[in-house]
Each structure stands twice: as structure tokens, then as C-alpha cells.
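Open the model in your viewer and keep the sequence panel beside it. This tour tells you what to select at each stop and what you will find there.

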Amino acid sequence: MLVLASASPRRLALLEQAGLKPDALLPADLDETPRKGERPRDLARRLAREKAEAAREGAKPRADLEGCYIVAADTVVAVGRRILPKAEIVDEAAACLRLLSGRAHRVYTGVAVVTPSGAIRDRIVETRLRFKRLSGDDIEHYLASGEWRGKAGGYAIQGIAGSFVVKLVGSYTGVVGLPLYETVNLLGGEGFPIRFGWMNAA
């Protein structure tokens, strides 16, 4: 049994892209506020683990999920040590886009896997990106698209903002929200039959 500790349609789609179809979704409602002095990398790792732990507790009362594997992830966008918010209002998204315009930034995605024994394994994936210089029209029209809403750093790379990216070094799927290489390796390393669904994936 496989559980995804997220309600994100992007993470679900990425898992299914790898031929992995979760048996249940157990999203965790956490306070994602960074702790004082917390580095972006550490925040992504902590939140991924906390989501995994919350899903582990949520799965315990369910007999159908006994001995399940759980996948959780969290994505943090940062410029230097400055952590950008998951933009919920236009002003937040606009500020993020102005900051990212014409410069490099990093995306840290933590992925955590709970094993059937209850242990947690995790990885941090760092991706470096650089945006083109965004004009006022670029920003205004992107904000009008609404794609930024709820997205770390105020953008979604799998949408229109993919055309802003001049350079990407690292994991594209990590920036979308779930680094597939690391996720599949974690699951496979713990004995999950990762190729089981491949025959019916086409």
C-alpha cells in the first residue's frame, strides 16, 4: 500500500507519471512558518518529515493501511537565506516575482518516506534556477493568470512561468514539487515494488 501525504494535484500527477498510484491521500495541515534563523534547506527537510509523521499517525487507525509506505514532500524557494512565501495574495506574488526577476535562486525540496516498520528516510534536493529579467507587463499578466496562487515563490514552473527560466541545474520534478529520481530510489531501497504498475502505465 502506498500513501501520499499531500492533497497537491501536482505531486499526485508526478507519482503517477512514475507509475506509482497511491492507495490513499492523507494530507497534513501544518504550520509552515520558518523557525527563527532556520535555513531554507532545513525548513524543507523538517516540513517533509513532519508531514510524513502526521500521515503515519493518520494511517495508524486504518486497518486497510497497515504496513503502508508513505511519501511526503515540501518545497521551499529561497534567494540566499531569504525564504519566499507560498503566495496567497497578489502583493506577495508580485514581490516574489520582482525579487526573482533577472537573478538566480534555489529551490529545496525535501522528500520523506515512511517505511512499513514506521522508520522515516529522507532526502533534500537542491535545484538552482535563473529567471530572465521580467518586464512590468510580464509580471502584470502573470499575476492575472492566477497560476501563482498557493505556490512557493509565487510561481509554478510547470505552467507559464516555465518560459521565465533561463537556466536550471538540478531536478525539474523537484521544482514542481516531488523529485522523482530520489522518491523512487527511497521507495525502492526500502523494498517497495516500484515497477509493479509500469506494465499498465501506457
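A residue counts as buried when its relative accessible area is under 20%. Keep that cut-off in mind, and remember that this is a predicted model.

**Stop 1: strand 5**

Select residues 104-114, which form strand 5. How many of its residues are buried? The count is 9 of 11, so the strand is mostly covered by the cut-off above.

Now add residues 69-79, which are strand 3. Strand 3 and strand 5 are antiparallel partners, with 9 bridges between them. Find alanine 78 and look across to strand 5: arginine 106 stands opposite.

Next add strand 6, residues 120-131. Strand 6 also runs antiparallel to strand 5, and 11 bridges join the two. Pick out two of the bridge pairs. Valine 111 is partnered by arginine 123 in strand 6. Alanine 112 has aspartate 122 as its bridge partner in strand 6.

**Stop 2: the hairpin loop**

Stay with strand 5 and strand 6, and select what connects them. The hairpin has 5 residues between the strands. Glycine 118 takes a positive phi here, near 95°.

Threonine 115 is in this loop too. Is threonine 115 buried or exposed? Its relative accessibility is 5%, so threonine 115 counts as buried. Show what surrounds threonine 115: beyond residues up to four places away in sequence, it touches Cys68, Tyr69, Arg121 and Glu190.

**Stop 3: the far side of strand 6**

Select strand 7, residues 165-169. Strand 7 pairs with strand 6 in the antiparallel sense, over 4 bridges. Arginine 130 faces lysine 167 of strand 7.

**Stop 4: helix 2**

Select residues 40-59 for helix 2, then highlight arginine 49 within it. Arginine 49 has 25% relative accessibility and therefore counts as partly exposed. Which residues does arginine 49 contact, leaving aside neighbours within four places in sequence? They are Ala112, Ile120 and Asp122. Recall that Ala112 and Asp122 are a bridge pair from the first stop. Now draw a distance from arginine 49 to leucine 25. Their C-alpha atoms are 16 Å apart, and 24 residues separate them in sequence.

**Stop 5: helix 3 and helix 4**

Select helix 3, residues 90-100. Its buried residues are Ala93, Ala94, Cys96, Leu97, Leu99 and Leu100. These pack against strand 3, strand 4 (82-83), strand 5, strand 6 and helix 4. Just after helix 3, glycine 102 has a positive phi near 70°.

Add helix 4, residues 136-145. How do two packed helices get described? By the angle between their axes and the distance between the axes. Here the axes of helix 3 and helix 4 come within 10 Å and cross at roughly 140°. The two helices are therefore oblique to each other. Their crossing is right-handed. On the helix 3 side, Val90, Ala93, Ala94, Leu97 and Arg98 make the contact. Helix 4 contributes Ile139, Tyr142 and Leu143.

**Stop 6: the loop after helix 4**

Move on to glycine 150, in the loop between helix 4 and strand 7. Glycine 150 is partly exposed, with a relative accessible area of 27%. Not counting residues up to four places away in sequence, glycine 150 touches Lys86, Ala87 and Glu88. From glycine 150 to proline 22, the C-alpha separation is 23 Å, across 128 residues of chain.

**Stop 7: helix 6**

Select residues 180-189, helix 6. Its buried residues are Leu180, Glu182, Thr183, Val184, Leu186 and Leu187. What covers them? The cover includes strand 1 (2-4), helix 1 (9-17), strand 3, strand 5, strand 6 and helix 5 (172-176). After helix 6 comes glycine 191, with a positive phi near 95°.

Zoom in on leucine 187. Beyond its neighbours within four places in sequence, leucine 187 is in contact with Leu2, Leu20, Tyr69, Val71, Val113, Phe192 and Ile194.

**Last stop: the cores**

Leucine 187 is among the residues with the most contacts inside the largest nonpolar core, which has 44 residues. Others on that list include Leu2, Leu20, Val71 and Tyr142. Which helix gives the most to this core? Helix 3 does, with 6 residues. Apart from this core lies another, of 15 residues. Select Ala5, Ala48, Ile70 and Ile120, which are among its members.

Conventions: Residues numbered from 1 in each chain as written. Predicted model: local features only at pLDDT ≥ 70, side-chain atom pairs only at ≥ 80, totals over all residues. Heavy atoms only, no water. Core = buried A, V, L, I, M, F, W, Y, C linked by side-chain atoms within 4.5 Å. Buried < 20%, exposed > 50% of the residue type's maximum accessible area, 1.4 Å probe, protein only. Contact = heavy atoms within 4.5 Å. Pairing = 2+ DSSP bridges. Axes fitted to C-alpha atoms, helices over the stretch in contact; angles between N-to-C directions. Parallel < 35°, antiparallel > 145°, perpendicular 65-115°, else oblique. Left-handed = near helix turned anticlockwise from the far one by under 90°.
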